[in-house]
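Please load the model in your viewer and switch on the side chains, so that each stop below can be selected in turn. The tour moves through charged pairs and then on to strands.

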Amino acid sequence: MKMDKNLSVEEKNESLILKDIININKNVKLSNFDWSSYELGLSKEEQEERKKMEKLYSDTISSIHEFYIYNGKIIKIIDRNVVIDFGFKAEGVISLNEFRDEKKLPKVNDIIEVIVEKLYYKGRCIISYNKAKKLKSWEIIQEKFIKNEIIIFFVAARTKGGLIVVLFGIECFLPGSQIYIKPVKDFDFYVGKTMEGKIVKINNKKKNVVVSHKILIEKYIEIKKKQLISKLEKGQVLRGIVKNITHYGSFIDIGGGIDGLCHITDISWGRIEHPSEKLEIGQTINFVILSIDKIKNRVQLGLKQLQSNPWNSLEDEIKKGKVVIGTVTVVTDYGAFVEIFPGVEGLVHVSEMSWAKKLRSSQDYVKVGDRIKVLILNYDISDQKMSLSLKRLTPNPWENIKTKYKMGSIHIVTVRSFTNFGVRLESKSKSKYKYKSKSKFKSELELELKFKSELEELEYLLYNDEISWIKNLNNSIDIYKKGDLVKLIVLGLDLITRKINFGSKQLIKNFWDENMIGSIHTGKIRKYFYKGAIIKLKKKNIKIFAPILKHGVELKNPKFKIIYFNFKIKTFYVSHTSDFIKK
């Protein structure tokens, strides 16, 4: 190793010392070097003693993990800190603030539970007393919830929708609907009180707990209900208070927390639209038990059963074929209910309201409140059912229809509408059957007029073939218009389908057999076609065909001469007898 000539004296000495160390240790291997002896300067005996002491020390220290709860002993209280030995190689320190909610301040040698929040590699750790207590309380809450045990909590304050309660040091929520079986208006009444209840819901993610006091009351009431219901019997008369009224019935408080239902059909023998017609809230009245459901703890009550059944006293009052006067109480699509005695109703089916084949809605015949006469058709007292009739108070008009519409009789009718096959007609005198009643119930005259109007429900038909003797004039709209009064003759009557067939051409002499060739007639052009025009002869009241006339032609002398007759198609052909002038 060469020395630099420019080095100082001190630098030269350090270089010589380093050279000596390298020469001394150049034959020594690092793997065999005893570092413990080198660092501590201990002999082998001393080193073995050291190892025994280290083992003894490590055996006395427990294995500590983060987020676990351990029992710790308070060994010192220094200023505002508490020093705790919890089995770790170093003590933990907790601030006195964590004990501010405790009734007694901590003392030396007290054993408390702490949780390890953080362990450091240098032997330090962070511990907490409050968090250990909350974790322990949460475990207790979970256990109480699983086992469905009764718990005791302290009401700390009111909040929106309920109360804040403290359970094992943790704030929980008591909803207003879970305080009592009835709605609570004053929440402040419960603040500062201790209550019993059960845990009904836990949100582990948000650490929210919901408790209930009402659940204990309901359980107590259910037990009392079962005890009371077990003593009730069907047919027993009870005195109850009307608690609530709905459209389908009324709830009756019969005591012991039991609310019985009296259905609207069991309130009165007569028909009522709403229970409030017979009952009012707060009313005290006797009811009879109709049925008991001991499984669901339900009781069905009846009020009308305590009164005499009006159906049982009808045997001397009613009989088949008897005419009675009643009031219409309900009108439906299929018929109307008529009360003929208080609490006794019968049904007039829509088919028993009119003799007409095409039945209309029952609302077209009667309305609620009408006083009408009805005929008793049938009744069953055991089933409390009765069939009534309105139409049978008058004879069946269809039975005598032949006397009014005899074959060959002539009638004046009105054109109502047109179809592909002909004309639909209606009676000329139909408007005569409008009426108004001043009596308390519909008179026999009104009913007679109503049934007479049913005759107008016959279907009057005039087929195209029966309009004119000319076969190719088969479009009725060319001859008639809506509202025309037409004189027709009865050709046929079908009682099953209630149809009357009329004819128009039969009122005119059948001229097909007459020799009319060469005869001259006065006529009027009714309609033009691309091959000619239709001419109506005034004297004969028939329509014929002129094959030459064109649209826009005005005749000086509208006379026509019959030049040809096609017997097969029953059509006349004519020629005008004067020259025509173009416009």
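Select Lys214 and Glu218, whose side chains form a salt bridge in this predicted model, with the closest N and O atoms 3.6 Å apart. Both residues belong to helix α5, which covers residues 214–229, and their spacing of four residues corresponds to about one turn of that helix. Which of these two partners is buried? Lys214 is the buried one, because its relative accessible area of 17% lies under the 20% cut-off. Glu218, by contrast, counts as partly exposed at 35% relative accessibility.

Next, go to helix α4, residues 130–147, and select Glu143 together with Lys147. Here too there is a salt bridge, and the closest N and O atoms of Glu143 and Lys147 are 3.0 Å apart. Because Glu143 and Lys147 stand four residues apart in α4, about one helical turn separates them. Glu143 is partly exposed, with a relative accessible area of 40%.

For the third pair, select Arg158 and Asp188, whose side chains meet in a salt bridge with an N to O distance of 3.7 Å. This pair links distant parts of the chain, 30 residues apart: Arg158 sits in strand β6 (residues 151–159), while Asp188 lies in the loop between β8 (170–175) and β9 (194–203). Arg158 counts as partly exposed at 42% relative accessibility, and Asp188 likewise counts as partly exposed, at 43%. How many salt bridges does the model hold by the rule applied here? The count comes to nine.

Now leave the charged pairs and colour strand β24, residues 485–494, along with strand β21, residues 410–418. These two strands run antiparallel and are joined by five bridges. To find one of the contacts between them, select Val413, whose bridge partner in β24 is Val486.

Keep β24 selected and add strand β25, residues 499–503, which also runs antiparallel to β24 and is joined to β24 by five bridges. Within this pairing, Val490 has Phe502 of β25 as its bridge partner. What do β24 and β25 form together? They form a hairpin with four residues between the strands, and a useful last selection is Arg498 in the turn, which has a positive phi of about 55°. With β21, β24 and β25 shown together, β24 can be followed as the strand that is bridged to β21 and also to β25.

Technical notes
Residues numbered from 1 in each chain as written. Predicted model: local features only at pLDDT ≥ 70, side-chain atom pairs only at ≥ 80, totals over all residues. Heavy atoms only, no water. Pairing = 2+ DSSP bridges. Salt bridge = Lys/Arg side-chain N within 4 Å of Asp/Glu carboxyl O. Buried < 20%, exposed > 50% of the residue type's maximum accessible area, 1.4 Å probe, protein only.
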